[in-house]
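Dear colleague,

I am handing over the structure that I promised you, and below it I have written down what was found in it. Please keep the view open beside this message while you read.

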Amino acid sequence: MDAEEIERGRQRWQQRYDSARKRDADFTTLSGDEVEPVYGPAPGQAYEGFERIGWPGEYPYTRGLHATGYRGRTWTIRQFAGFGNAEQTNERYRMILEAGGGGLSVAFDMPTLMGYDSDDPRSLGEVGHCGVAIDSAADMEVLFRGIPLGEVTTSMTISGPAVPIFCMYLVAAERQGVDPAVLNGTLQTDIFKEYIAQKEWLFAPEPHLRLIGDLMAHCAEGIPAYKPLSVSGYHIREAGATAAQELAYTLADGFAYVELGLSRGLDVDVFAPGLSFFFDAHLDFFEEIAKFRAARRIWARWMRERFGAKTDKAQWLRFHTQTAGVSLTAQQPYNNVVRTAVEALSAVLGGTNSLHTNALDETLALPSEQAAEIALRTQQVLMEETGVTNVADPLGGSWYVEALTDRIEQQAEEIFRKILDRGREDHPIGPITSGILRGIEDGWFTGEIAEAAFQYQQAVEKGEKRVVGVNCHPRSVTPELEILRVSHEVEREQVRVLGARRAARDEAAVRAGLDAMLAAARSGESMIPPMLDAVRAEATLGEICNALREEWGIYRETARF
Ligand SMILES: C[C@H](C(=O)O)C(=O)SCCNC(=O)CCNC(=O)[C@H](O)C(C)(C)COP(=O)(O)OP(=O)(O)OC[C@H]1O[C@@H](n2cnc3c(N)ncnc32)[C@H](O)[C@@H]1OP(=O)(O)O
């Protein structure tokens, strides 16, 4: 790009920056020196390929979505939390909000994630363990008691039973007197990554996609700020994928949801802002920063060029980041604080919109209160003390980071081509969806990830990749950590309360809601209004999901060796 064009871009950025709202904060260095809000090529200097880098707040958004970077608003500190019953988790949420957490993020227990009630025989021993147990709308009401749902953005990490859980959240908001149209938050929903990596599905992909289509339409029509999908690379990476695989599979999944929205006749500029993303921040500091920058650039280009998105928000890739759970070690667990801080810093330098930092004890159990607080404080130290919020995309123009960004983008494009080659042009949703479904069916994704995981593990075992406390710098004594243990009393109490609620509800209203939901499943009408009616009558998650399992059948993965 020639010097004049770069200068015109700088002026456009300056106008945007000047007219934007900035935080009332000190933007000087620790020594008190002024710093610019963004840096670029020296005036009069040409820069080959600058159109790929650009300025913050401008297409292709490599350097961030907002002209002000974190001077306008810092990232959201969003700590993933949930354990025991709704009451215990509600207490933890109040603690997080009082301690400066910017938003909520609900972790559900395994029965809830799989769509079973707490009194289902398959739930025995799991209730309230890896997250909070939610059986019906009444639990959701308790979960958010005293937390104004119209004001706090709430993320819910659930994918198989995302839609019934979302209905419970809407009913909890109704019971608080909040107009659902003002709700803002994120539902994970992304079912592709379940087949690809995490393996928590309820039925085959097609009915899941049909429900997700209903959800996208419902939100696009009536809850404009809500993000019904958080397309997740985190689980793909944690299963052993490389950074490029994580990026490419996740963005391809995102493209497939765009095809889904278009196949339902929705306007891309209306529904695309509801697609958000979720990535892993692993240990290779610069590779991760490059991944985040490339993600924004690729998404903006595909949205504009392939899908015809016209507005900024429909081209923006907004993402949440979680530091890498797999990088934590049980050996010398205090080292995990350092790993997490470095990973979090890469997410921030990559321009994350929202961040969760893992607690040091998460290889062993859910975080203790003290470990959860250190994790939260880690973000606050980065945000308040280090000066990283002063300058947007501070590594833009670094030869190394730009080269890595270009390379990871090329690698992702090669993977997109492979996915498209596997698909059918005439698939009713679209060719990318078709390629992904085929890759799920024949185990291609799983095989590619397993191969990458195997290569990495071999490198660790040969000592080529070093892990402190594991294959180098050992220590003979591991300090004892205080572990959070969830009492079995939680399960007994949850089952008792569930039984009492079932006995007190209007059975006919529950049955009518479930029947209407099944009728909609058969007729092709949106399943959300009748599901909401069932939830209002206190139909349980297990009842809704079991009815759907009976209707659609369960899915079994093809074994692959
Ligand atoms: C591993 C584990 C498991 O499986 O067990 C999990 O999955 S845990 C998974 C946990 N997942 C999550 O927690 C997902 C979290 N995701 C989210 O919160 C969302 O989807 C998100 C990534 C889009 C972040 O949303 P957010 O509300 O926190 O942040 P946003 O970036 O949207 O910012 C909020 C508002 O401020 C505006 N804003 C932000 N920065 C600026 C700026 N510099 N200048 C002007 N405006 C700005 C945004 O445009 C937006 O307004 P406007 O909206 O008007 O544009």
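Is D393 buried or exposed? With a relative accessibility of 6%, D393 counts as buried, because buried stands for a relative accessible area under 20%. Please bear in mind throughout that this is a predicted model, and that the values below were computed from it.

Salt bridges

D393 is a good place to begin, since D393 forms a salt bridge with R63, in which the closest N and O atoms are 2.7 Å apart. D393 sits in the loop between α14 and α15 (399-422), while R63 sits in the loop between α1 and β1, so this pair ties together parts of the chain that are 330 residues apart in sequence. R63 is buried as well, with a relative accessible area of 4%. As background, side chains of opposite charge can pair when their charged atoms come close.

A second pair to look at is E58 and R12, which form a salt bridge whose closest N and O atoms are 2.6 Å apart. E58 belongs to the loop between α1 (3-19) and β1 (76-77), and R12 belongs to helix α1, so the salt bridge ties together parts that lie 46 residues apart in sequence. The two partners can be described separately: E58 is buried, at a relative accessible area of 12%, whereas R12 counts as partly exposed, at 40% relative accessibility.

A third pair is E507 and R505, where the closest N and O atoms of the salt bridge are 3.0 Å apart. Here E507 counts as partly exposed, with a relative accessibility of 43%, and R505 is buried, with a relative accessible area of 12%. Elsewhere, salt bridges that share partners join R52, R297, R301, D406, E409 and E413 into one network. Altogether, the structure holds 38 salt bridges, and those described here are included among them.

Cavities

How many cavities of 30 Å³ or more does a search of the whole structure find? The search finds two, and I will take them in turn.

The largest cavity holds about 40 Å³ of space. Its lining is made up of N336, V337, T340, N358, A359, L360, A371, I374, A375 and T378. Helices α13 (335-349) and α14 (369-385) each supply at least two residues of that lining, and the largest share, four residues, comes from α14. When the lining of the largest cavity is sorted by class, it has six nonpolar residues, four polar residues and no charged ones.

The second largest cavity also has a volume of about 40 Å³, and it is lined by S159, G160, A162, V163, H208, L211 and I212. In this case α5 (162-175) and α7 (205-222) each supply at least two residues of the lining, with α7 giving the largest share, three residues. By class, the lining of the second largest cavity has four nonpolar residues, three polar residues and no charged residues.

As you go through the model, you could start from D393 and R63, which form a salt bridge, and then turn to the residues from α14 in the lining of the largest cavity.

With best wishes

Conventions: Residues numbered from 1 in each chain as written. Predicted model: local features only at pLDDT ≥ 70, side-chain atom pairs only at ≥ 80, totals over all residues. Heavy atoms only, no water. 1 Å grid on protein atoms, 1.4 Å probe; cavity = no way out; pocket = protein on both sides within 12 Å on 5 of 7 lines; lining within 4 Å. Points joined across faces, edges and corners; volume = space filled by probe spheres on them. Nonpolar A, V, L, I, M, F, W, Y, C, P; charged D, E, K, R; others polar. Salt bridge = Lys/Arg side-chain N within 4 Å of Asp/Glu carboxyl O. Buried < 20%, exposed > 50% of the residue type's maximum accessible area, 1.4 Å probe, protein only.
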